[in-house]
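Hi there,

Here is the structure I promised to pass on to you. Have a look at it first, and then read on for what turned up.

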Protein chains: 2
Amino acid sequence: MGVEGQQGRKPRADVQRNRAALLEAAQRHFLRDGVGASLEAVAKEAGVGPATLYRHFATREALLAAVLQTRSEELVARRADIAQLSDAADMLRQWLRAMEEYFSAFSGLPEPLMAAAREREPGNPLTLPCDDLITTTDAYVRAAQRAGHARPSVKGYDLFLAAVSVAWIKGTGATDEEALDRLRALIESGYRGQDDEK
Amino acid sequence: MGVEGQQGRKPRADVQRNRAALLEAAQRHFLRDGVGASLEAVAKEAGVGPATLYRHFATREALLAAVLQTRSEELVARRADIAQLSDAADMLRQWLRAMEEYFSAFSGLPEPLMAAAREREPGNPLTLPCDDLITTTDAYVRAAQRAGHARPSVKGYDLFLAAVSVAWIKGTGATDEEALDRLRALIESGYRGQDDEK
DNA sequence: AGCGAAACGGAGGGTGTATCCGATTTGCTT
DNA sequence: AAGCAAATCGGATACACCCTCCGTTTCGCT
């Protein structure tokens, strides 16, 4: 997986400039209107034509993935912090919370995220980050299970789904923070509890 | 809440015919394409112009609510069956499952449903059925709590949210039935477990 | 400064939503 | 059976958004 070392030509200045302008405009629009924001409007605000936007980001998902890059790095940083904790239960809880906040970056983000989780082809730019999150979650779950803080039957993927769900509900704006807290408590109690099935 | 007894004129035949055709076409399209189906296509398949569709159903939600009427009645029937059970825990579990199936009638249905739950105005035709479901869920939760099968801090609304979430995930088509079962188990374990917080 | 490749962006085709208004259908009356 | 007025219909239309083609412009290199 070596990087092509030789760059036959220096990248054009306008390319970088436009890309940056597009990302900034997209971030604003995604924040305000959710992931369904008008790409036409994004292009206009960035001062470029529609074609330029599509040349830089072939699909809405590609643009979304690029905009999420920053937040993704924040998440990695938080993951490093969390890894410093001593209690496996705390680690899992905080990791779930960090994921949930990541999923809540823009309203409607859970939708394309789940679509990415569905596809096994790497055609979707969101698939890779998604898979990474699931794997990480599974590691935290296993650690919690070894410490006796999680039921053996729970999988990392399950809690990934739970975190996406909470983020989805939050994104609909239908509920207050209090109800969300109760839901989080419900989930936590759900993976902590005994495996008492027959 | 008396019905206006006098009908100055017999309702026109074409009105009823068109309404029925629209509902049938809408049902087919919602089933195939989810709640985002093209209303234009629905009108065409029903053999009417777009204006006729909008005259009968002012918004997509109104059409959705009308199409859901049938399923809503099925749900009421199941509720009667469930009320015959002896075990409060069984009742709650089966009611949650029945709701979840109702929410899964069409792909994407949870979205407008949550939007309806958000609005306090009865402008949205989905708000009323929604409120009814929450109230019913709360009744089942309370019964389960009295029998010691549910934590006291859980509210009906919480489990309504949980059921909507599971339906949403199912609707994304990203997961197999196995993962959904684990998620349901997680939720059940969540509301059954002890209230062991400090 | 000039050249060729790379990038740009406006124009345009396609789909979907929602509304206006002249034409049509319908139920009722005579 | 025929006519009337009101209710209903549906094509035409305005608008928004997505996405792509292609002639024009910009940029890096020499």
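Let me start with some vocabulary on angles: those under 35 degrees count as roughly parallel, over 145 as roughly antiparallel, 65 to 115 as roughly perpendicular and the rest as oblique. Axes here are lines fitted to C-alpha atoms, for helices over the stretch in contact, and the angles run from 0 to 180 degrees between N-to-C directions. Helices (H or I, at least four residues) and strands (E, at least two) are DSSP runs, numbered from the N terminus.

A word on the model itself: it is predicted, so local features need pLDDT of at least 70 and side-chain atom pairs count only at pLDDT 80 or more, while totals for chains, interfaces and linings use all residues. Residues are numbered from 1 along each chain as its sequence is written, and chains are lettered from A and ligands numbered from 1 in the order in which they are written.

**One chain**

Chain A has nine helices and zero strands. Its C-alpha trace spans about 60 × 45 × 30 Å along the principal axes. Two UniProt annotations, both from an unreviewed entry, help you find your way. The entry gives "domain: HTH tetR-type" for residues 16-75 of chain A, a stretch that is 82% helix and 0% strand, with its end C-alpha atoms 25 Å apart. It also gives "DNA-binding region" for residues 38-57 of chain A; there the chain is 75% helix and 0% strand, and the end C-alpha atoms lie 14 Å apart. UniProt positions are given in the numbering used here, feature names are shortened, and annotations may be inferred rather than shown by experiment.

**How the two chains are related**

Chain B can be laid on chain A by a turn of 180° and a shift of 0.0 Å along the axis, with an RMSD of 0.1 Å. That is the relation of a two-fold axis. In chain B, Gly190(B) has the C-alpha nearest the axis, 1.7 Å from it. For this comparison, copies are superposed by least squares on the C-alpha atoms of residues with pLDDT of at least 70 in both.

**Where the chains touch**

Two residues are in contact if their C-beta atoms, placed from the backbone, lie within 7 Å. By that rule, the contact takes 26 residues from chain A and 26 residues from chain B. On the chain B side, α6 (110-118), α8 (156-172) and α9 (177-192) each give two or more residues. That side divides into 15 nonpolar, seven polar and four charged residues. In this sorting, Ala, Val, Leu, Ile, Met, Phe, Trp, Tyr, Cys and Pro count as nonpolar, Asp, Glu, Lys and Arg as charged, and the others, Gly among them, as polar.

Now for the helix pairs. The axes of α9(A) and α9(B) come within 7 Å and cross at roughly 100°, so these two helices are roughly perpendicular to each other. Leu186, Ile187, Ser189, Gly190 and Tyr191 of chain A, in α9(A), meet Leu186, Ile187, Ser189, Gly190 and Tyr191 of chain B, in α9(B). By class, this α9 contact has six nonpolar, four polar and no charged residues.

The axes of α8(A) and α8(B) come within 10 Å and cross at roughly 110°; they too are therefore roughly perpendicular. Here Leu161(A), Ser165(A), Trp168(A) and Ile169(A) meet Leu161(B), Ser165(B), Trp168(B) and Ile169(B). The α8 contact has six nonpolar, two polar and no charged residues.

**Around the DNA**

A residue is near a strand if its C-beta atom, placed from the backbone, lies within 6 Å of it. Which residues come nearest to DNA strand D? Of the 23 around that strand, they are Lys10(A), Ala51(A), Val48(B), Gly49(B) and Ala51(B). α3(B) gives the most to this surface, with four residues. The surface near DNA strand D divides into ten nonpolar, four polar and nine charged residues.

DNA strand C has 23 residues around it, and Val48(A), Gly49(A), Ala51(A), Ala13(B) and Ala51(B) come nearest. For this strand α3(A) gives the most, with four residues. The surface near DNA strand C divides into ten nonpolar, four polar and nine charged residues.

Happy exploring!
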